[in-house]
Amino acid sequence: MVEAHIPHLEIPIGRLDIDQGSELWKAFIPKVREACERHGCFFLKCDKFMPMNLFEEMFKALESLFHLPEETKRKYTNPNLFHGYLSTPLVSTYESFGINGTTHLDVAQAFTNLMWPDGNSNFFEVLNTMSSKMLELNLIILKLIFESFHMKNYYRLHCENNSGIFRMIKYKVPASNDSPIGLVPHTDKNFLTILCDNEVHGLEILCKDTIWAPLMIPKGSFIVFVGDSLKAWSNGRLHAVKHRVMMREKKVRYSCGLFLTPKEGVNVEVPEKLVDEDHPLLYKPFNYSDFMAFFASNYCEEALQVYAGA
Ligand SMILES: O=C(O)CCC(=O)C(=O)O
Ligand SMILES: [Fe+2]
């Protein structure tokens, strides 16, 4: 198997909130744009903003979370689609928590107290810190993408006060006679995903429509994926790459991702500027929650095209 060659990008400065108009940031924008057009994903490194021990603490925290008894984990319910505690008999290796709002202290605290009624301040702290930093990174990359189209105003429309979903995932080692599938092939449906793992590899992307290539996320880095909603917004200019998880290593895999979704009540719609003779309109405007509801009841790999294709 050949490993996928996708760009390794590095956040140019340690503090994300300062001088975003600087030459360093300006030089970074076309790299992000090119990676999103050509590959639909890239590795992102940001050592100064994401200390290595935070990753280590996070994966320790995930181990203790998934170690809790099944009935405790089931206490976390959430009415939103694909949120809450999910463990499906269809893919027996997979379980996950999808939580919105962990960047707010009260939400992170409530979740921690539900799992550990006697408290677990370590878990609470790492959950809140990691998800907040990943949200900040996700937002800055999305902002740069809108800027690369000279459409900064879409950032305000889609991203302000948007905290996305934090997903924590465990993949068990499959029994030797079981399929190695951990997560079925899919494109992410949201705008932009940023994800890291505990260095137990398994993530693969589909290259040239035919070849599945492993992606080894470097230690202390993230993978960033363009989702279907951003592909649709860009009128197909950005690529949403298909990916899956195959559990070929005989080790438990943990990953966590911050999935930035379109804001409730704001439709995903191609800006007029992105439609012309060479780029006819490819997608009709859609509401993200309706798209998710469609996807939940009509699972297919080409859901965006089927649901919103013009
Ligand atoms: O766990 C991973 O590495 C991938 C997860 C993923 O693709 C997803 O949750 O959409
Ligand atoms: Fe995904």
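Strand β11 has two faces, a covered one that carries His243 and Val245 and an uncovered one that carries Arg244 and Met246. The model described here is a predicted one, and β11 is a convenient place to enter it, since the strand belongs to a sheet and also lends residues to a ligand shell.

## The four-stranded sheet

The sheet that holds β11 is open and has four strands in the order β6-β11-β8-β9, with antiparallel pairing. At its edges stand β6 (181-186) and β9 (211-214), each of which has a single partner strand, so one side of each is left without a neighbour in the sheet. From one strand to the next, the twist averages 30°. As a general matter, the strands of a sheet pair through backbone hydrogen bonds, in either a parallel or an antiparallel sense.

The pairs of this sheet can be set side by side, each with a residue pair that stands opposite across it.

| Strand pair | Sense and bridges | Residues opposite |
|---|---|---|
| β6 and β11 | antiparallel, three bridges | His186 and His243 |
| β8 and β11 | antiparallel, three bridges | Glu204 and Arg244 |
| β8 and β9 | antiparallel, four bridges | Glu204 and Pro214 |

Glu204 therefore deserves a second look, for it is the bridge partner of Arg244 in β11 and also stands opposite Pro214 in β9, while β8 itself covers residues 203-207.

Which residues does Met246 touch, leaving aside its neighbours within four places in sequence? Met246, whose place is in strand β11, is in contact with Pro180, Ile181, Gly182, Gly202 and Glu204. Met246 has 19 C-beta neighbours inside 10 Å and so counts as partly exposed, the limit for a buried residue being 20 or more. Trp233 is 13 residues from Met246 in sequence, yet the two C-alpha atoms are 30 Å apart in space.

## The eight-stranded sheet and its helices

A further open sheet is formed by eight strands in the order β1-β2-β10-β7-β12-β5-β4-β3, and its pairing is mixed. Its edge strands are β1 (8-10) and β3 (84-87), each of which pairs on one side only. The twist in this sheet averages 25° from one strand to the next.

Within this sheet, strand β4 (residues 94-100) is joined to β5 by seven bridges, and the two strands run antiparallel. One residue of this pairing is Gly98, whose bridge partner in β5 is Arg167.

Two helices pack on the sheet. Helix α2 (residues 52-66) touches β4, β5, β7 and β12, and its direction makes about 105° with that of β12. Helix α5 (residues 121-148) touches β5, β7, β10 (221-226) and β12, and its direction makes about 50° with that of β12.

## The surroundings of ligand 1

Ligand 1 is surrounded by Arg167, Ile169, Leu183, Asp188, Leu195, Asp197, Leu203, His243, Val245, Ser255 and Gly257. The elements that give two or more residues to this shell are β5 (165-171), β7 (192-197), β11 (243-246) and β12 (253-260). By character, the shell residues divide into five nonpolar, three polar and three charged.

Several of these residues have already appeared above: Arg167 is the bridge partner of Gly98, His243 is the residue that His186 stands opposite, and both His243 and Val245 lie on the covered face of β11.

## The annotated span

In an unreviewed entry, UniProt lists residues 161-262 as "domain: Fe2OG dioxygenase", an annotation that may be inferred rather than shown by experiment. In the model, the end C-alpha atoms of this span lie 11 Å apart, and the span is 6% helix and 45% strand.

## Two residues with positive phi

Most residues other than glycine have a negative phi, and two residues of this model are worth checking against that background. His150, found in the loop between α5 and α6 (153-159), has a positive phi of about 60° although it is not a glycine. With 8 C-beta neighbours inside 10 Å, His150 counts as exposed.

Asp209 lies in the loop between β8 and β9, and its phi, near 65°, is likewise a positive value in a residue other than glycine. Because Asp209 has 6 C-beta neighbours inside 10 Å, it counts as exposed.

Terms used: Residues are numbered from 1 along each chain as its sequence is written. Chains are lettered from A and ligands numbered from 1 in the order in which they are written. This is a predicted model: local features need pLDDT of at least 70, side-chain atom pairs count only at pLDDT 80 or more; totals for chains, interfaces and linings use all residues. A residue is near a molecule or strand if its C-beta atom, placed from the backbone, lies within 6 Å of it. Ala, Val, Leu, Ile, Met, Phe, Trp, Tyr, Cys and Pro count as nonpolar, Asp, Glu, Lys and Arg as charged, and the others, Gly among them, as polar. Two strands pair if DSSP finds at least two bridges between them. Axes are lines fitted to C-alpha atoms, for helices over the stretch in contact, and angles run from 0 to 180 degrees between N-to-C directions. A residue is buried if 20 or more other C-beta atoms lie within 10 Å of its own, exposed if 12 or fewer, and partly exposed in between; C-beta atoms are placed from the backbone. Two residues are in contact if their C-beta atoms, placed from the backbone, lie within 7 Å.
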